[in-house]
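Here is my note on the model you sent round, as numbered points. Please read it with the structure open.

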Amino acid sequence: MEIASIETFTNEYVCFVRVRTGDGKEGWGQVAPYNADITAQVVHRQVAPYALGQDALDIDYLVDIIPEREHKFPGAYLRRAIGGLDTALWDLRGKREGKPVCALIGGSPGPLRAYGSSMKRDITPQQESERLKGLRDRLGFDAFKFRVGAECGRDVDEWPGRTEEIVPTMRRAMDDGVALLVDANSGFSPKRAIEVGHLLQDNGVSHYEEPCPYWEYEQTKEVTEALEIDVTGGEQDCSLVDWRRMIDGRVVDILQPDVCYLGGLTRTLRVAKMAEKAGLPVTPHSANLSMVTLFTMHLLRAIPNAGKYLELSIEGEDYYPWQQDLFVESPYAVEGGQVTVSDRPGWGVTVNPDWLARSAYRISALEG
């Protein structure tokens with residue numbers, strides 16, 4: 001079953017990928033969001049030439065051979081582009097076999113606990129606590145993540161004193177049955193990160209994400225070793241060599257690969273397997289409501305070392321206007337703090353035809 005064509009439908013933020021085989025079967029995937037139009041060019045220039053004519057079911061071969069053929073480009077854009085191919089091929093296989101992707105990788109459809117993930121720092125602690133309490137009461141979330149520090153902030157907070165204010169404010173707003181997580185987005189030096197970590201521990205926060213510049217593994221490890229709280233990270237990492245370094249070096253307590261940043265489901269499964277052997281849980285990064293969260297839902301329903309919950313963005317069109325109207329029916333309905341992986345074949349979602357009609361289109365196909 002050879003790959004006959006690879007199509008992209010894109011705007012600046014989102015790029016959907018459709019793969020078709022010579023017998024008319026098709027599957028849908030997505031590259032990582034942000035500058036997705038640039039990644040679409042990489043799909044056609046550096047991925048499609050090696051995928052066209054190949055066996056659509058030999059996904060492992062493709063995600064290995066393409067980086068080898070393009071070995072002079074070891075960075076993120078190529079991995080993002082490979083992820084678009086990989087996720088489309090998993091959807092194709094699921095539709096061909098009449099199974100959801102989670103069932104193809106050893107899992108089953110069903111519910112998943114989710115944590116409501118805030119992306120905002122331009123919000124006061126009181127405003128943040130009020131909106132998260134509203135979501136708790138309305139949708140049943142029993143876990144939330146909020147932001148501390150400033151993104152790559154070099155120890156400078158979003159505004160003076162915000163971190164010291166928001167942590168106890170959030171704890172007072174939520175009873176002990178609600179798990180609290182924070183994300184520092186590479187904001188602190190080790191010294192400052194450890195100070196903040198003690199504040200988090202004193203207030204019953206259980207998850208401390210990316211406290212130091214994510215590329216400085218030794219800094220993060222210093223924080224991990226100094227604290228009792230779970231230190232987490234990995235969302236930006238797209239090299240399997242770096243993942244081995246992170247896991248073998250016990251840099252963090254919980255691993256957070258992003259299916260789209262890392263290069264697709266196949267590569268993420270490899271990271272999950274390495275983590276399983278090391279006794280580490282996997283709580284992936286899925287910080288928007290494009291297909292990345294759907295990919296993560298299927299992954300978490302299948303791997304034995306899945307973390308406690310799925311990251312589910314709580315931000316709407318005011319924050320992410322580009323994530324609106326992507327699907328005919330959203331796969332992210334929350335009930336009782338849970339989302340559900342459907343039993344529909346493949347990823348179980350239909351991309352909105354109206355969105356596709358507004359996108360920039362390109363195709364790479366076998367000649368003839």
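**Notes on the predicted model**

1. Two cavities of 30 Å³ or more are present in the structure, which is a predicted model. The volume of the largest cavity is about 70 Å³. It has 13 lining residues, and those closest to its centre are Tyr214, Thr220, Gly233, Gly234 and Val252. Helix α8 (217-226) and strand β8 (230-233) each contribute at least two residues to this lining. Sorted by class, the lining of the largest cavity comprises seven nonpolar, four polar and two charged residues.

2. The second largest cavity encloses about 40 Å³. Its lining consists of Pro33, Tyr34, Asp258, Cys260, Tyr261, His285, Ala287, Asn288 and Val292. Six of these residues are nonpolar, two are polar and one is charged. Two of the names come back below: Val292 is one of the buried residues of α12, and Tyr34 belongs to a cluster of ring pairs.

3. Helix α12 (residues 291-300) is largely enclosed by the rest of the structure, because ten of its ten residues are buried. The buried residues of α12 are Met291, Val292, Thr293, Leu294, Phe295, Thr296, Met297, His298, Leu299 and Leu300.

4. Turning to the open sites, the largest pocket has a volume of about 470 Å³. Of its 22 lining residues, Glu151, Asn185, Glu235, Gln236 and Tyr261 are the closest to the centre. The lining of the largest pocket divides into nine nonpolar, five polar and eight charged residues. Tyr261 is also listed in the lining of the second largest cavity.

5. For the second largest pocket the volume is about 320 Å³. There are 17 lining residues, of which Leu289, Gln323, Gln324, Ser330 and Tyr332 are the closest to the centre. Two or more residues of this lining come from each of α5 (125-139) and β10. By class, the lining of the second largest pocket has ten nonpolar, five polar and two charged residues.

6. How is strand β1 paired with its neighbours? With strand β2 (residues 15-21) it runs antiparallel, joined by seven bridges, and the two strands form a hairpin with four residues between them. Within this pairing, the bridge partner of isoleucine 6 is valine 19 in β2. With strand β12 (residues 360-365), β1 pairs over six bridges, also in the antiparallel sense. Here phenylalanine 9 of β1 is placed opposite tyrosine 361 in β12. Strand β1 is mostly covered, with seven of its eight residues buried.

7. The count of aromatic pairs in the model is 13. In one of them, phenylalanine 9 and tryptophan 28 have ring centres 5.3 Å apart and planes at 35°, so the pair is tilted. Phenylalanine 9 is in strand β1 (residues 3-10) and tryptophan 28 in strand β3 (residues 26-30), so the contact ties together parts 19 residues apart in sequence. Is each ring buried or exposed? Phenylalanine 9 counts as buried, at 7% relative accessibility, and tryptophan 28 is buried with a relative accessible area of 11%.

8. A second pair is edge-to-face: the ring centres of tyrosine 34 and tryptophan 322 lie 5.5 Å apart, with the planes at 80°. This pair links distant parts of the chain, 288 residues apart, with tyrosine 34 in the loop between β3 and α1 (36-51) and tryptophan 322 in the loop between β10 (310-313) and β11 (338-341). Tyrosine 34 counts as partly exposed, at 29% relative accessibility, whereas tryptophan 322 is buried at a relative accessible area of 9%. Both residues belong to a cluster in which ring pairs link Tyr13, Tyr34, Tyr319, Tyr320 and Trp322. Tyr34 also appears in the lining of the second largest cavity.

9. One contact between a charged side chain and a ring should be noted as well. Arginine 162 lies over the face of tryptophan 159, at 5.3 Å from the ring centre.

Conventions: Residues numbered from 1 in each chain as written. Heavy atoms only, no water. Phe/Tyr/Trp six-rings, centres within 6.5 Å; stacked < 30°, edge-to-face > 60°. Buried < 20%, exposed > 50% of the residue type's maximum accessible area, 1.4 Å probe, protein only. Lys NZ or Arg CZ within 6 Å of the ring centre and 35° of its normal. Pairing = 2+ DSSP bridges. 1 Å grid on protein atoms, 1.4 Å probe; cavity = no way out; pocket = protein on both sides within 12 Å on 5 of 7 lines; lining within 4 Å. Points joined across faces, edges and corners; volume = space filled by probe spheres on them. Nonpolar A, V, L, I, M, F, W, Y, C, P; charged D, E, K, R; others polar.
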